[in-house]
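Trainee: I am new to this structure. Could you walk me through the reasoning behind the terms people use for it?

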Amino acid sequence: MGSCCSAKQAGSFEPDGEDRMQDVDVDWPAVDVRDTVNTPYLLPDVRTNNGKVTLDLTSCKLRDFPLEILEIPQLQTLILNSNNITNFPYKIFTLRNLTELYLRNNDLDFLPAQICTLVQLKVLDVSCNKIRSLPYSSSHLYNLRSLSLKYNSLNNLPNSLYYLIKLEYLNLEGNNLHAIPEVIMKLKNIEILILSDNSIDSLPVGLNQLNTLKKLYLDDNQLKEIPKSLQPYLLDLETLDLSNNSAEISLENKITTYREKEKKTKVQPSKGEKINGNPSNIIAIDKTAVFSDINLDESDREDNREMFKGERSYEYLKSFDAEPDAIERMRRGASTAKLRTQEALRPSPKWGILVRELRKAGFLPKVNVKVPKLRKEKKKTKSRKNPSQITWRGWRVDVPRRPVITNVDENKDDKAGELDRYGHPTAITRLFPPVEVLEGVITLDMTLHKLQHFPVKLCQLRNLDILMLDYNKIHDVPQAIRNLSRLKALHLTSNELETLPENLRYLNEHLKILYLKDNKLKVLPDWIISFLSLRFLSLENNKLICFPGELCSLLSLESLVLTGNRLVELPQEIRRLRKLKELYLGRNRLTHLPYSITELKSLKVMSLEENGLESIPYSVFGVQSLSTLHLQGNSIHSIPTDISALKNLLELNISKNDITELPYGFRQLENLQVLSLRANKIENFPEDLCKLPNLRTLDISLNRISFLPDYVRYSVSEMEEILELDLSFNRLTSLPKSIGKLFKLQTFHIEGNPLAGLPDTLVQLVNLQKLYLDKVIKIPIGIYKLKHLEIH
């Protein structure tokens, strides 16, 4: 029976259309393959590999990006090789700690722009896909150090890659490049450049601008000659591969490309080759079989030389450049080569037959020589090993046995145990992750360790300042926690706490920060009032129905987070929190606020988003110390003129409401710097926005604005301090010429509007760095002269 698989791309195979359902593995769980899109995916365990939080989903038959991954913000390495993923969610940017992303052998036709929001990425591997172009937003990956794009369909690279100033490794093997892209000449820190298996027919003269380049691979191309001006530069490279091109390439001076192969593989050159001389015709690195002295098959040579060539091993690339399975592949190759070498050196069984025949014929003596037997050494008696314990990583650690001492005073303390530099017993610290010192604070992080219970032995680390136990399954705390009396910050985010453990009351003396986010708390105990030193308390995403009145006794409280609960009202006693600076009440069911909130003279930040408010509570206007006010996601129809009383307001967010216009007194907010009116029902650009002297950021997208004002009385050009302006997805048909007077503008959004073109005065925006617009808009020619401009 013939195979029903057809090659779709180099390195990937996919079943044909009619036989896809028949070739499903019988060992796969009984799930309809056509319904796997809507089936929730159960993620495997997150592991720590080389000190990084890693999740490996290789060959899991995924068609969509699992949204469950977004619930692991600590993730640092994500491996999604050999799947069928074609798109990514918009919220992938929540993985702010992700530094390595592997997407080899998927069905990507283009690089999704969502990946470009992962600004902390250092390693990105999207090889063996169908990518034809890269987005302009790829410039956001400015921390990228390794980029693998081999075996795709790229024919050019965008100029925005110029901003990847930290890029050291770039692999473009097996694409459709006919020339080396010009943007590569601007990568000042590139060290390894792989351009093998393309259609490159010439080398640019500016290639010698890459001062940091060490290794260049140009084999399997169509090069005919090398410019003489580049020959000295190429001769100084550590590695240069020019093999398998359309014609012989001659270099004038001494060639150093063969030296590295001789050093790595220790293979002697043939008689015809001259290494130390001045050869006339030099081919680049000769990747022939290393085991030439051993009779191996041709099919085995390719696997054996993988240990010595610098394409996928750690010999040439740094740790972050190598593939995750490179070490295991090298180990298997070395073991296989060793076995084959031993078999080749082992005498043939025909030698035994020949010896017997020679003895019968009398050519060899028939007397068997007795070899004296070696005396067996007496086995050493095994000493009794010390007891051992299992650490948090699954390692077995020997614990020193305590000597049995008689007649010891019971009141005498045991001081024989060794202490580390933090004053903790070393026998205990070995059972937990290493203690770190962050800015002089002793910290222990046990996040994502699947703890079912609070470790009792952890309570012996008496000098801890910060203890992090986030994302576990802890539901109780032992009484021994009273030993951690010096603890200043305790993190219990995302556990299974239904009630606050009573033993936490022993930490009331010095505790200043307490995180109880993402639990199942409904009420708080009365002893919480004893935490007189508490300054920060997070109760976000719990099940609180009423505002805990005990919180009004925490007179030192400065920040209180109650977002994502079921609160209906606040008590009048909230006035007692005189030192409160931040109050977060978003995603609750509040309809009004008590008037006593005006007595909070230190309050600067208030968040009331997504509460279903139909109007702004009047008591808010009495808190004149406010600098930040968030009211997005409500049902507010209008803004009263009393908002002008908030003289110190710096940031105001009223997006996603039903506002149609701004009040006349809105211009009195002279200190306002950030304003968001996104997703409302505004039809005319408000006049008061042009009169705000300190406005830096304005977001008025997703409205119904059809034109921008350009009158004598008020004009959009009066916003001289504006830095970011978002006018996207409105009904603008043209932009006024006065828009060119916004000389400080750096970011400008005008996409999603029926614009036919842009005014010529736009070239006067010398500080413009990012311009977002639709591709069909005509752009003035002079705009390309702006040095720092990036068009999206």
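Mentor: Gladly. This is a predicted model, and one open sheet in it has ten strands in the order S3-S4-S5-S6-S7-S8-S9-S10-S11-S12, with mixed pairing.

Trainee: What makes S3 and S12 the edge strands?

Mentor: Strand S3 (47-49) and strand S12 (239-241) each pair on one side only. As for the angle between neighbouring strands of this sheet, they are turned by 10° against each other on average, direction ignored.

Trainee: How do you know that S8 and S9 pair?

Mentor: Pairing takes at least two bridges. Strand S8 (residues 146-148) and strand S9 (residues 169-171) are joined by three bridges and run parallel, so they count as paired under that cut-off. You can find Ser146 opposite Tyr169 in S9.

Trainee: Which way do S15 and S16 run, parallel or antiparallel?

Mentor: Strand S15 (residues 436-438) and strand S16 (residues 441-445) run antiparallel, with three bridges between them. Val437 faces Ile442 of S16 there. Two residues lie between the strands of this hairpin, and Glu439 takes a positive phi near 55°.

Trainee: What else does S16 pair with?

Mentor: S16 also pairs with strand S17 (residues 466-468), in the parallel sense and over three bridges. Leu444 has Leu467 in S17 as its bridge partner.

Trainee: Why can we speak of space inside a pocket at all?

Mentor: Rolling a probe the size of a water molecule over the atoms shows where empty space is left. In the largest pocket here, that space is about 1700 Å³. The pocket is lined by 40 residues, and the closest to its centre are Tyr136, Ser137, His140, Tyr772 and His792.

Trainee: What makes a residue count as lining that pocket?

Mentor: A lining residue has an atom within 4 Å of a pocket point. By class, 22 of the lining residues are nonpolar, eleven are polar and seven are charged.

Trainee: How do you know which parts of the model to read with caution?

Mentor: Look at pLDDT, the predictor's confidence in each residue, from 0 to 100. The protein has a mean of 79, and 76% of its residues reach 70 or more. Residues 1-39, however, stay under 50, and the model gives them 39 contacts beyond four places in sequence. Residues 382-416 also stay under 50, with 36 such contacts.

Trainee: Why not study those contacts one by one?

Mentor: Where pLDDT is low, the predicted coordinates should not be read in detail.

Methods:
Residues numbered from 1 in each chain as written. Predicted model: local features only at pLDDT ≥ 70, side-chain atom pairs only at ≥ 80, totals over all residues. Heavy atoms only, no water. Helix = DSSP H or I, 4+ residues; strand = E, 2+ residues; numbered from the N terminus. Axes fitted to C-alpha atoms, helices over the stretch in contact; angles between N-to-C directions. 1 Å grid on protein atoms, 1.4 Å probe; cavity = no way out; pocket = protein on both sides within 12 Å on 5 of 7 lines; lining within 4 Å. Points joined across faces, edges and corners; volume = space filled by probe spheres on them. Nonpolar A, V, L, I, M, F, W, Y, C, P; charged D, E, K, R; others polar. Contact = heavy atoms within 4.5 Å.
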